[in-house]
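Dear colleague,

I am passing on a structure that I would like you to look at alongside these notes. Please open it first, and then read on with the chains in view.

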4 protein chains.
Amino acid sequence: MTTENIEALATRGRSLIRWAERRMPALALFKSELEARRSLRGLKIGGSLHLTPETAALARCLRAAGAEVVLSGSNPLSTRDEICASLVRDDKIEVFAHYGEDPASYHDHLRSIAAKAPDIVLDDGADLIAYMAQRKAKPGTIGIEQTTTGIQRLRGMETAGVLPFPVIALNDAPLKQEFDNNYGTGQNTIDGILRATNILIAGKTVVVAGYGWVGKGIASRMRGHGANVIVTEINAVRALHAYYDGFRVLPMAEAAPLGDVFVTATGCREVVAEPHFGLLKDGAVLANSGHFDVEIDVGALARIALERDEIRPNLVELTIPGGKHLYILGQGRLVGHSAAEASPADVMDLTFTLMAMTVEWVATRPIELPTNSKVIPSPTEFTERVASTKLAAVGVAHDRLTASQREYIQSWDVGT
Amino acid sequence: MTTENIEALATRGRSLIRWAERRMPALALFKSELEARRSLRGLKIGGSLHLTPETAALARCLRAAGAEVVLSGSNPLSTRDEICASLVRDDKIEVFAHYGEDPASYHDHLRSIAAKAPDIVLDDGADLIAYMAQRKAKPGTIGIEQTTTGIQRLRGMETAGVLPFPVIALNDAPLKQEFDNNYGTGQNTIDGILRATNILIAGKTVVVAGYGWVGKGIASRMRGHGANVIVTEINAVRALHAYYDGFRVLPMAEAAPLGDVFVTATGCREVVAEPHFGLLKDGAVLANSGHFDVEIDVGALARIALERDEIRPNLVELTIPGGKHLYILGQGRLVGHSAAEASPADVMDLTFTLMAMTVEWVATRPIELPTNSKVIPSPTEFTERVASTKLAAVGVAHDRLTASQREYIQSWDVGT
Amino acid sequence: MTTENIEALATRGRSLIRWAERRMPALALFKSELEARRSLRGLKIGGSLHLTPETAALARCLRAAGAEVVLSGSNPLSTRDEICASLVRDDKIEVFAHYGEDPASYHDHLRSIAAKAPDIVLDDGADLIAYMAQRKAKPGTIGIEQTTTGIQRLRGMETAGVLPFPVIALNDAPLKQEFDNNYGTGQNTIDGILRATNILIAGKTVVVAGYGWVGKGIASRMRGHGANVIVTEINAVRALHAYYDGFRVLPMAEAAPLGDVFVTATGCREVVAEPHFGLLKDGAVLANSGHFDVEIDVGALARIALERDEIRPNLVELTIPGGKHLYILGQGRLVGHSAAEASPADVMDLTFTLMAMTVEWVATRPIELPTNSKVIPSPTEFTERVASTKLAAVGVAHDRLTASQREYIQSWDVGT
Amino acid sequence: MTTENIEALATRGRSLIRWAERRMPALALFKSELEARRSLRGLKIGGSLHLTPETAALARCLRAAGAEVVLSGSNPLSTRDEICASLVRDDKIEVFAHYGEDPASYHDHLRSIAAKAPDIVLDDGADLIAYMAQRKAKPGTIGIEQTTTGIQRLRGMETAGVLPFPVIALNDAPLKQEFDNNYGTGQNTIDGILRATNILIAGKTVVVAGYGWVGKGIASRMRGHGANVIVTEINAVRALHAYYDGFRVLPMAEAAPLGDVFVTATGCREVVAEPHFGLLKDGAVLANSGHFDVEIDVGALARIALERDEIRPNLVELTIPGGKHLYILGQGRLVGHSAAEASPADVMDLTFTLMAMTVEWVATRPIELPTNSKVIPSPTEFTERVASTKLAAVGVAHDRLTASQREYIQSWDVGT
């Protein structure tokens with residue numbers, strides 16, 4: 001790659017980072033606080049993260065607080081070279097990653113980060129921490145993990161006694177579940193379906209499997225686009241919510257012959273699977289919004305398919321015995337990532353502001369912070385603070401309790 | 001009152017109870033189980049409850065399980081004589097109450113219940129338990145309280161060491177908050193506003209104070225009627241939800257001059273108060289959905305009002321200095337009760353099925369049930385069961401985990 | 001009736017008229033124009049109208065423009081005595097009507113109006129014009145009729161050659177159809193259903209028959225309350241709209257066994273009728289929003305019913321062979337009127353401002369106005385003017401074409 | 001281009017056409033009728049059309065009816081080579097077009113079509129008819145034009161006396177306006193905005209300029225995604241609809257400082273223009289949904305811009321004096337086409353079924369069809385038929401009038 005190439009790449013990356021940062025005003029606000037406090041001075045932060053414009057914004061925030069930041073990717077396909085180029089050229093952040101690198105290179109890069117002996121380790125899937133577990137960590141090292149999957153792996157390591165240092169489970173914060181899942185994934189799932197198919201949603205019968213935060217976000221947006229939505233659920237309380245929210249609730253076996261489009265958002269496997277394929281309408285569109293490609297049983301489907309035609313990017317037609325055609329989006333991988341662009345910066349702002357606040361909290365080594373190697377819940381105190389920061393950043397003012405109201409609430413039994 | 005009068009009254013009451021029971025199918029389903037088990041045989045249940053058709057359905061359910069049931073009212077204005085007449089004539093349930101009785105009579109009636117020495121005490125506001133606290137309770141007595149207010153009073157009694165027996169805090173169950181508040185109160189608040197005013201909601205700027213379950217239910221229904229909704233909130237996380245749900249979020253002082261209609265749903269006092277009155281539009285309509293008449297400061301408003309005109313039932317016009325007219329609904333009392341008919345039987349079904357399940361659980365004296373006099377959380381195990389019963393009762397089937405799915409979920413770290 | 005009674009009645013009426021007028025700001029704005037112009041001076045206006053607060057506002061507007069106004073009722077059950085008392089005492093408007101009068105009295109009152117030889121005749125159902133057709137009308141008399149039914153009758157009279165003078169068909173204005181039907185009737189239908197039943201709408205399957213302006217208004221509001229809505233339609237284009245708006249579209253015979261609540265809004269008969277009764281769920285609620293009580297075949301239902309129980313005002317339970325219970329609201333009469341309060345003043349404001357503008361137009365005897373006795377279309381020029389007046393009255397400003405934009409639009413072929 | 005290339009291209013085109021046709025079931029149903037009737041046998045149809053998969057479906061339908069079909073493009077940038085390749089190889093349809101051809105080639109291709117002397121001319125913008133006007137047309141030729149722009153040009157030609165043959169104005173059919181504009185463009189506008197920006201819509205203040213069918217479709221979908229929508233309008237009746245639908249209605253000058261995103265759908269110029277640029281928020285996103293790039297005054301904006309940065313495809317950042325950044329999507333061209341994929345096949349199905357029915361109607365030379373050269377309104381009789389065909393095709397059954405209902409409707413005055 002020539003110097004000019006890299007320059008052009010970095011310049012393009014800079015534009016994209018600026019575009020993302022503009023939509024991450026809470027992080028920007030907190031960054032300006034950190035810049036003033038320089039509270040991360042002298043600390044080394046190593047991260048294995050999706051190298052996207054939003055992650056760049058986080059890294060630049062930590063850098064502004066005085067930290068030395070070194071990064072590798074957390075998946076060879078999520079690394080964006082223009083972002084890396086800009087971080088290196090413009091922000092003096094060391095990056096070890098490139099798009100599509102092979103496993104050897106990927107692990108080499110994890111090793112480079114570990115070799116830096118970071119004080120704080122940011123992880124997205126626990127690959128870096130798993131790597132660091134193989135050798136002794138510097139005393140005082142602390143990790144922060146932001147995915148469900150990563151936390152599962154870390155809990156396994158904790159049980160096996162191989163977790164190298166304490167790790168905070170950032171993923172569990174309600175701020176992430178209630179916002180990113182509902183508003184972010186709710187939108188990007190629809191976005192992915194439209195980009196892959198260009199179908200009209202109005203009039204379609206859309207079956208949403210799962211009525212958690214993601215499913216709710218999808219169902220209400222599909223309705224907003226004119227779909228007639230059916231919900232399937234395992235959990236009775238969630239099913240009852242879907243019912244009272246005006247959706248038809250059916251078992252998948254009854255929904256299967258009715259749906260034009262299926263979207264899974266359950267975290268479980270075989271939600272649309274062998275017992276259902278034969279029941280589906282000719283032409284049914286199958287999309288998965290959940291993290292793994294097991295919700296729609298794509299393996300089983302591939303096995304029974306007589307023909308396979310790739311119609312457009314992320315849209316494959318499978319002809320099954322009897323002649324029906326089924327359409328799989330993005331190979332059954334999470335459609336908001338595979339066919340669209342994951343959660344918008346606007347809502348990643350919440351997660352990464354929470355991350356930055358947690359990093360600063362860790363950096364101050366509060367006495368509540370355990371020192372033994374275990375998985376630690378995310379501090380709850382930042383929830384309200386991130387929300388307040390975000391509201392201020394988007395220019396939304398809201399009420400505060402007056403002294404009289406505070407008194408009323410505290411002396412509830414007196415007031416009645 | 002003549003015998004014919006009572007007969008006619010009871011017959012009317014019967015129709016109303018039948019109408020309510022038809023819309024409480026979960027309770028009916030559980031009642032048929034209880035009838036088969038007769039699991040409350042030999043028990044005496046005393047209740048101080050709002051004597052409505054829905055409560056009659058509950059009482060009849062407990063009676064069908066073999067219990068002896070005796071009832072008094074929990075508020076002289078909520079007792080409906082036709083319901084009492086029917087319970088006495090048709091169900092062999094003793095009732096001590098009549099509409100509009102004076103305090104002496106009301107307390108006399110509490111005494112009558114206490115004198116029966118019930119094994120299980122059902123309370124709605126804690127008046128009966130407070131009365132029973134004045135003398136020694138029969139050993140083994142257990143109470144169940146279903147209001148926030150009652151629980152506050154009981155906690156006060158617990159702290160003061162005067163709680164006479166253990167009491168289960170039924171009110172705290174999520175099943176009540178997420179359903180009755182959201183769907184039930186959400187609807188009856190709008191119903192009350194329409195009955196009191198007959199205003200067109202479409203086009204109105206409606207300010208909803210509070211974005212908890214009640215506020216959410218109101219805001220989404222107002223939008224469904226064509227209102228432009230503004231939300232005020234104290235809590236930043238809730239404010240952020242309102243913002244992402246597409247509502248304008250403002251401090252009340254900024255919302256005050258914009259609103260055509262104000263609805264408070266906060267549980268706090270002085271939400272629309274003296275600092276706001278002068279800012280309101282001429283013609284602003286003020287309604288409170290919360291439990292107490294303190295959310296809109298009706299006292300302060302009465303003090304500054306120059307004139308007062310009762311236009312229609314539950315609609316009073318107040319002329320304030322400067323000549324503006326403000327309209328108060330139902331004297332600032334919870335408008336869904338004062339101007340409409342409280343939560344429909346369809347959703348009370350959930351609360352009362354939970355109540356009936358809790359009564360049977362108490363009746364079996366499980367070892368987890370504490371015996372010392374304190375306030376006990378509602379058992380969580382019934383949440384899923386009530387929801388399942390309701391779904392079955394309204395004819396909604398939903399999915400169950402397959403063996404393969406259960407395995408996948410339990411071995412999460414393996415699956416990834 | 002004593003003088004004190006009448007005084008009290010008139011005072012109560014005054015409050016109700018004030019409350020209505022406050023929500024009819026377009027009419028108020030136009031009234032102040034008329035007051036300045038006194039353009040109806042010397043004219044006599046006779047009306048046979050529903051004597052409601054909204055009609056009082058119209059009459060007072062015409063009076064303020066200098067007209068002499070004399071009124072009778074247009075239905076003995078829609079006359080409100082307190083309104084009449086106030087018009088007589090406070091506005092010097094002659095009124096010949098009282099609530100519940102018998103047919104002889106009703107016709108006597110029509111005769112009193114006719115005897116006044118009004119210049120302009122306002123009619124609501126054409127009873128007054130039909131009466132006036134029996135004798136020679138004063139030359140130059142002109143009528144204005146505001147109901148579909150009335151216009152049908154007038155067309156019959158026109159065909160039969162007995163129409164006594166030209167009559168303007170105000171009802172056909174799009175301003176009425178698109179607003180009153182959609183927003184006004186859409187709301188009052190739901191209001192009527194709630195007042196009659198207090199059912200929870202959330203979760204219910206609601207079948208809306210007819211997807212015209214009324215049906216659309218009902219369907220979207222039902223959805224806003226959490227219902228799952230099914231639409232039935234005769235017209236394919238409307239059915240296609242319902243489909244693309246996300247509703248299930250089914251023939252009534254297929255919807256019958258699915259619905260919890262049925263609302264007819266078709267203008268046709270036998271929409272829910274004998275072929276459907278046997279298919280309905282036990283407990284189905286039947287309401288009609290249309291003008292006549294023929295949409296649900298209540299006659300046929302009464303014939304087959306084995307038992308009839310009046311549960312609450314406007315709620316009758318019928319037991320049909322096989323033991324199923326069906327619930328009829330307001331005897332199948334238009335539920336927004338029979339169980340609620342018809343269209344709110346806020347939207348009647350549009351119809352009555354249009355009426356007042358039309359009266360002034362007639363009063364100026366424009367040359368476009370035909371003089372032979374026929375039914376004349378409502379002038380279209382007022383549509384935009386009423387809408388503009390309403391917007392101004394509720395404080396809504398909107399854009400105007402700039403000179404440059406006007407040029408662009410007029411020279412469209414040049415611009416491309 | 002090699003044979004293998006063309007083969008691969010055609011094969012890819014075939015998949016895309018199949019995918020489109022699957023979502024055009026009304027056309028498929030009508031095609032099978034035409035195939036049986038062969039009613040276009042012996043006719044030559046020449047079209048200048050956007051050579052998309054949907055147009056291919058139309059061409060194949062006409063071919064199946066026996067017509068000889070020859071096509072050229074209607075815009076060099078909308079021609080898709082894979083579609084052309086497939087039509088040529090698989091359907092024996094002659095095509096004269098390729099993507100990105102220069103004007104000389106484009107006009108050459110129009111000439112090739114004209115040289116075929118088609119009996120029926122299909123046009124999309126009137127380029128072909130304008131070309132054919134330059135020489136004498138074969139007697140009996142008839143045209144069908146489907147765009148607003150094209151019809152404007154044809155009316156100009158009619159006035160100038162140069163229209164070469166009668167042309168049917170297909171575009172004016174309500175079936176197109178109410179469906180394609182509302183549901184199709186409503187969706188593709190949002191799709192385009194998301195593809196160009198990946199912003200989160202939830203929480204954004206979105207200003208929709210124009211509340212016609214397109215604006216309504218956008219506004220309701222934006223709300224469904226969690227936006228807070230402001231509407232601007234010139235027309236008072238439309239503004240009043242927006243108000244009653246719960247949107248804020250403001251003049252653009254007042255909306256300008258409030259909006260995060262602006263979408264124009266007016267058909268007018270300078271809707272967001274010089275007077276507004278200075279008022280906009282830093283970061284405002286500007287998108288146009290209307291046909292021409294004049295709604296947002298991009299020329300004026302380019303003139304005042306200090307800097308211009310192309311951030312991603314279809315997303316340009318302009319820095320204006322004072323330092324604010326504004327973001328223009330797709331150069332202000334109709335965003336649903338420039339950044340997404342125009343109206344989905346599902347809704348083009350309506351327009352093209354109407355086109356096919358109109359072609360067959362023309363082919364039968366009905367006596368109602370004028371023979372002199374003028375612009376003829378689209379026959380209204382097909383509206384209901386297309387809607388019925390579509391409903392049947394998507395499996396939606398609906399009610400038909402019974403004999404009794406038909407009698408009731410026809411004898412309305414008798415029934416009351």
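Below I go through the contacts between chains, then the symmetry, and then the domains.

Please keep in mind that this is a predicted model. I began with chains B and C, where 31 residues of chain B are in contact with 31 residues of chain C. On the side of chain B that touches chain C, the elements that give two or more residues are α1 (3-22), α8 (174-197), α9 (213-224), β12 (307-312) and α15 (345-363) of chain B, and of these α8(B) gives the most, with six residues. Sorted by class, this side of chain B has 12 nonpolar, nine polar and 10 charged residues.

How are chains B and C related to each other? A turn of 180° with a shift of 0.0 Å along the axis lays chain B on chain C with an RMSD of 0.1 Å, which is the relation of a two-fold axis. The same surface serves both copies, in that 100% of the contact residues of chain B recur in chain C. The residue of chain B that comes closest to the rotation axis is B:Gly224, with its C-alpha at 2.0 Å.

Chain C also touches chain D, and that contact takes 43 residues from each of the two chains. Among the elements of chain D that give two or more residues to its side are α7 (148-159), α8 (174-197) and α16 (381-393), and the residues on that side divide into 23 nonpolar, 11 polar and nine charged.

Finally, chain A is divided into domain 1 (3-172 + 344-393) and domain 2 (182-333), whose C-alpha centres lie 33 Å apart.

With best wishes

Notes:
Residues are numbered from 1 along each chain as its sequence is written. Chains are lettered from A and ligands numbered from 1 in the order in which they are written. This is a predicted model: local features need pLDDT of at least 70, side-chain atom pairs count only at pLDDT 80 or more; totals for chains, interfaces and linings use all residues. Two residues are in contact if their C-beta atoms, placed from the backbone, lie within 7 Å. Helices (H or I, at least four residues) and strands (E, at least two) are DSSP runs, numbered from the N terminus. Ala, Val, Leu, Ile, Met, Phe, Trp, Tyr, Cys and Pro count as nonpolar, Asp, Glu, Lys and Arg as charged, and the others, Gly among them, as polar. Domain bounds come from an automatic or database domain assignment. Copies are superposed by least squares on the C-alpha atoms of residues with pLDDT of at least 70 in both.
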